[in-house]
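Here is a short tour for someone meeting this protein for the first time. Keep the 3D view open and follow along.

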Amino acid sequence: MAEISKMTSGPVSLAEPMCRHTTFRIGGPAAVFACPKHLEEVADIRRWTRRRGVPLYLLGGGSNLLVSDAGVQGLVVHTGSLSTLRSAGDGESVTVSVGAGVSLPRLLERTVRWELTGLEPLVGIPGSVGGAAVMNAGVGDFDLSRAVVRIRACDRRGDVLDMSEQQCEFGYRSSVFQRRGADLIVLEAELVLRRGRRRDIRREMRRRLLARKGRQPRREPSAGSVFKNPEGASAGRLIEEAGWKGRSIGGASVSPIHANFIVNRRDASAEDVVRLIRAVRESVARKFGVELELELKTWGVTDV
Ligand code: FAD
Ligand code: EPU
């Protein structure tokens, strides 16, 4: 703890309950929890964890994450304080540099103010820019990678690299960052947007928010879609047709609004969610011969 505190000007805590940092409101304690304020601090921490063999976990908005009830033994680095947000360029295209810890809603709010178009489809997605890059968050056939030119990342040696969009190997809800885990930490994204009219940008966002309304659960805690859509099919439809919509295990339920969302209805444990995931998956495999792949990321959870 003392060593970590020396490496960062941000807060460091012990036994931090992860349920406070996930949109699921589920998760036991992180042994050590740190919020570095600068890219250099992240790099120092990365070098230290490598030298010491300490497991490292990266946390953005916690909106795609299930943490076990026992929590995690290791260091959780929360990126929330990596908050750069600036724009450059006076032509039709404008480059926006944004820190991994900036929330997507905040980024979108700023692009409205700057009258920049290109990110409207992402409205309504919670979480951080770092998490959105890792997950290549999106809607329909639009995802964040469309706007990415470069990602600044930190490798396992603590070296900071600028990676081109191609090097990020973006795909449907996938990226090189996801595959490499804590070996590549997203620090900052460089996006290219176009000039637009504030009124049009706002209208488009409103239209998209409205389209989401009533089709996805918003009031009950969740982590978005649990499974990726299989090629040519919809996970939500398969789960509904397998008869799981609205069914519960412990405090976790398959949302009656959207069957690919699991909601924390009554103080669900991570174990409740895991049992529900297994049951749904087995049922869909038996009925349709389709193996659903998890979109959700898990920490400290085995056999899911
Ligand atoms: P986290 O949950 O914090 O982390 C996700 C993964 O990324 C973890 O493996 C974590 O270790 C890793 N990670 C986080 N930050 C970094 C970093 N800086 N460097 C390296 N690794 C990192 N997603 C969509 O794509 N489309 C949607 O329409 C959508 N709608 C949603 C609606 C709701 C109500 C909710 C709750 C979720 C929704 N999601 C959606 C899922 C989620 O919001 C996205 O996946 C989001 O991009 C995750 O970002 P995050 O910062 O919360 O990531
Ligand atoms: N459907 C059902 N039953 C359900 C839910 C959906 O039959 O319970 C059917 C719908 O009627 C529709 C089809 O499935 O015909 C697709 O549903 P929807 O439009 O809700 O989209 P989705 O494919 O389930 C994807 C993303 C969402 C994103 C929406 C935007 C994935 C795994 N999910 O959902 O992203 O918000 O499109 O429309 O790709 C996320 O990734 O976390 C996420 C929420």
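Glu-115 counts as partly exposed, because its relative accessibility is 31%, and partly exposed covers the range between under 20% and over 50%. This is a predicted model. Glu-115 sits in the loop between H3 and S8. Its phi is positive, about 60°, although Glu-115 is not a glycine. Most residues other than glycine have a negative phi. Asp-303 also breaks from that pattern, with a positive phi near 60° in a residue other than glycine. Asp-303 is found in the segment after strand S18 (297–299). At 63% relative accessibility, Asp-303 counts as exposed.

Four residues in this report have a stated accessibility.

| Residue | Relative accessibility | Class |
|---|---|---|
| Glu-115 | 31% | partly exposed |
| Asp-303 | 63% | exposed |
| Pro-29 | 37% | partly exposed |
| Ser-97 | 12% | buried |

Now step back to helix H3, which spans residues 104–113. Glu-115 comes just after H3. Which residues of H3 are buried? They are Leu-104, Leu-107, Leu-108, Arg-110, Thr-111 and Val-112. Their cover includes strands S6 (85–88), S7 (93–99) and S8 (116–117). It also includes helix H4 (129–135), S13 and helix H6 (198–212).

Strand S7 holds Ser-97. Ser-97 is buried, because its relative accessible area is 12% and the cut-off is under 20%. What does Ser-97 touch, not counting residues up to four places away in sequence? Its partners are Thr-84, Leu-85, Arg-86, Glu-188, Ala-189 and Glu-190.

Next comes the interior. The largest nonpolar core has 55 residues. Those with the most contacts inside it are Leu-75, Val-98, Leu-107, Leu-119, Ile-151, Phe-177 and Leu-191. Strand S13 (residues 184–195) gives the most to this core, with seven residues. Another core lies apart from it. That core has 29 residues, among them Phe-24, Val-254, Ile-277 and Val-280.

Leu-75 deserves a look of its own. Leave aside its neighbours within four places in sequence. Leu-75 is then in contact with Ile-4, Val-32, Phe-33, Ala-34, Ile-45, Thr-49, Val-54, Pro-55, Leu-56 and Tyr-57.

Pro-29 lies in strand S2 (residues 29–34). Its relative accessibility is 37%, so Pro-29 counts as partly exposed. Pro-29 and Leu-14 are 15 residues apart in sequence. In space they are 8.3 Å apart, C-alpha to C-alpha. Beyond neighbours within four places in sequence, Pro-29 is in contact with Ala-15, Glu-16, Pro-17 and Met-18, and with Asp-69, Ala-70, Gly-71 and Val-72.

Finally, the whole chain. How many helices and strands are there in the protein chain? There are eight helices and 18 strands. Buried residues make up 52% of the 304 residues. A compact globule with 304 residues would have a radius of gyration near 19 Å, and the chain agrees, because its own value is 19 Å. The C-alpha atoms fill a box of roughly 50 × 50 × 30 Å along the principal axes.

Among contacts between residues at least 6 apart in sequence, 64% join residues at least 24 apart. The accessible surface comes to about 14,500 Å². Carbon and sulfur atoms account for 45% of that surface. The protein chain carries 48 positive and 35 negative charges, and their mean positions are 4 Å apart.

Terms used
Residues numbered from 1 in each chain as written. Chains lettered and ligands numbered in written order. Predicted model: local features only at pLDDT ≥ 70, side-chain atom pairs only at ≥ 80, totals over all residues. Heavy atoms only, no water. Core = buried A, V, L, I, M, F, W, Y, C linked by side-chain atoms within 4.5 Å. Buried < 20%, exposed > 50% of the residue type's maximum accessible area, 1.4 Å probe, protein only. Helix = DSSP H or I, 4+ residues; strand = E, 2+ residues; numbered from the N terminus. Contact = heavy atoms within 4.5 Å. Rg over C-alpha atoms; globule rule 2.2 N^0.38 Å. Areas by Shrake-Rupley, 256 points an atom, 1.4 Å probe, with all protein chains shown as cover. Lys, Arg positive; Asp, Glu negative; His and termini not counted. Charge placed at Lys NZ, Arg CZ, Asp CG, Glu CD.
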